[in-house]
Amino acid sequence: MSSSFTVRSGAGYDKLMGRWSRILALPFIDFAGVTDGERILDVGCGTGSLTFALPRAAEVSEVAAIDYSPVFVEEAQSRNTDPRITISQGDAAAIPFPDGRFDRALALLVLHFVPEADRAVAEMRRVVRSGGVVAAAVWDHLGGMSNMRMVLDTLAAQDEEARRVRGRYCFQPMMRPDEMRQTFLAQGLVDVQQTSLLVRMEYENFADFWEPIAAGEGPLGQFVAGLDGARRGWADNAVRAAYEAGQPDGPRSFAAVAWACRGVVPERT
Ligand SMILES: C[S@@+](CC[C@H](N)C(=O)[O-])C[C@H]1O[C@@H](n2cnc3c(N)ncnc32)[C@H](O)[C@@H]1O
């Protein structure tokens, strides 16, 4: 298996995550260090949050974006108006480009869905020239994703299956402290740096937060959508109470932290 990501629709993804990954793309690009004239590979482009931000950040000569999901490839292609951008289907664990083809390979919120994430990092290194950069970011689900932890902690208090979902969610690949840095080093990248990127996820009200999850988007949404009548009713009410936290429904802001890592491809021997 090359991906544990489940796709429903581009619009649903955007409501759950794309609107936040578009914001996260900006500090991630600053960290990855994109400059004019470069050829960039966007691995796991989804609906294009990073893909379309790259040519706005620098006068890049090319962005090649790949994604495992044909649904997202089609969605991103339909949004593309920039001739420098190409979007195609491809697997992070077997990237369909030759050695040294790019100046940078970037993966935003992808490696935690790749069961063999170390192979994906090795592939990103392979397709980047010597002196080029590999960079990736994944959410810190355990310590840095306050909104989803609120949901999972609320449900886990009552439900053994929710406790198992929480365990899987918090320890997806690359989420443990120093895991991504160690993986970059093990794959032979040099000058490896790791940091935390913080954005805020701002919701208008409980419905704005809960609708994509209730509709089954994302790993947590899959669990919630599968709950039977009584458990589902309880979940809806309990999560609403946690969101409202004793105040009338309305806007809420949640901090979200991503681990980010970058490394340089050494001279090939
Ligand atoms: C959370 S989304 C992130 C999408 C986009 N980069 C963003 O930041 O909005 C994860 C993406 O990784 C893609 N993905 C998961 N496993 C993959 C693999 N093995 N190869 C390529 N893409 C993969 C999924 O299809 C999905 O589009």
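Which residue has a polar side-chain atom that lies 2.6 Å from an oxygen atom of the ligand? In this predicted model, the residue is D67, whose side chain places a polar atom at that distance from the ligand oxygen. Backbone atoms take part in the picture as well. A polar backbone atom of A92 lies 2.8 Å from a nitrogen atom of the ligand, and for a polar backbone atom of L108 the distance to a ligand nitrogen is also given as 2.8 Å. On its own, the ligand would expose 590 Å², and the protein buries 99% of that area.

It helps to look next at the wider surroundings of the ligand. The shell around the ligand holds 21 residues, and those that come nearest are S2, S21, G44, D67 and A92. D67 and A92 are thus familiar from the contacts described above, D67 through its side chain and A92 through its backbone. Sorted by class, the shell contains eleven nonpolar residues, eight polar ones and two charged ones.

Where in the protein does the ligand sit? Its place is the largest pocket, which has a volume of about 600 Å³. A total of 43 residues line this pocket, with F5, Y13, L109, V110 and F113 lying nearest its centre. Several elements of secondary structure contribute to the lining: the helices α1 (10–32) and α9 (218–225), together with the strands β1 (39–43) and β2 (62–67), each supply at least two residues. In terms of class, 23 lining residues are nonpolar, 15 are polar and five are charged.

A further pocket deserves a visit too. The second largest pocket encloses about 330 Å³ of space. Its lining is made up of 16 residues, and nearest the centre lie S4, R168, Q172, P219 and Q222. Here α6 (160–170) and α9 each provide at least two lining residues. The helix α9 therefore appears in the linings of both pockets, as it also supplies at least two residues to the largest one. By class, the second largest pocket is lined by ten nonpolar residues, five polar residues and one charged residue.

Technical notes. Residues are numbered from 1 along each chain as its sequence is written. This is a predicted model: local features need pLDDT of at least 70, side-chain atom pairs count only at pLDDT 80 or more; totals for chains, interfaces and linings use all residues. Side-chain values use heavy atoms; hydrogens and water are left out. A residue is near a molecule or strand if one of its heavy atoms lies within 4 Å of it. A polar contact is a pair of N or O atoms within 3.5 Å; within protein, one must be able to donate a hydrogen and the other to accept it, and residues adjacent in sequence count only if both atoms are side-chain atoms. Accessible areas come from the Shrake-Rupley method with a 1.4 Å probe; for residues, only the protein chains shown count as cover. On a 1 Å grid over the protein atoms alone, a cavity is a set of points where a 1.4 Å probe fits but cannot get out, and a pocket is an open set with protein on both sides within 12 Å along at least five of seven lines; lining residues have an atom within 4 Å of a point. A molecule sits in a cavity or pocket if more than half of its atoms lie within 2 Å of its grid points. Ala, Val, Leu, Ile, Met, Phe, Trp, Tyr, Cys and Pro count as nonpolar, Asp, Glu, Lys and Arg as charged, and the others, Gly among them, as polar. Grid points are joined across faces, edges and corners, and a volume is the space filled by probe spheres set on the points. Helices (H or I, at least four residues) and strands (E, at least two) are DSSP runs, numbered from the N terminus.
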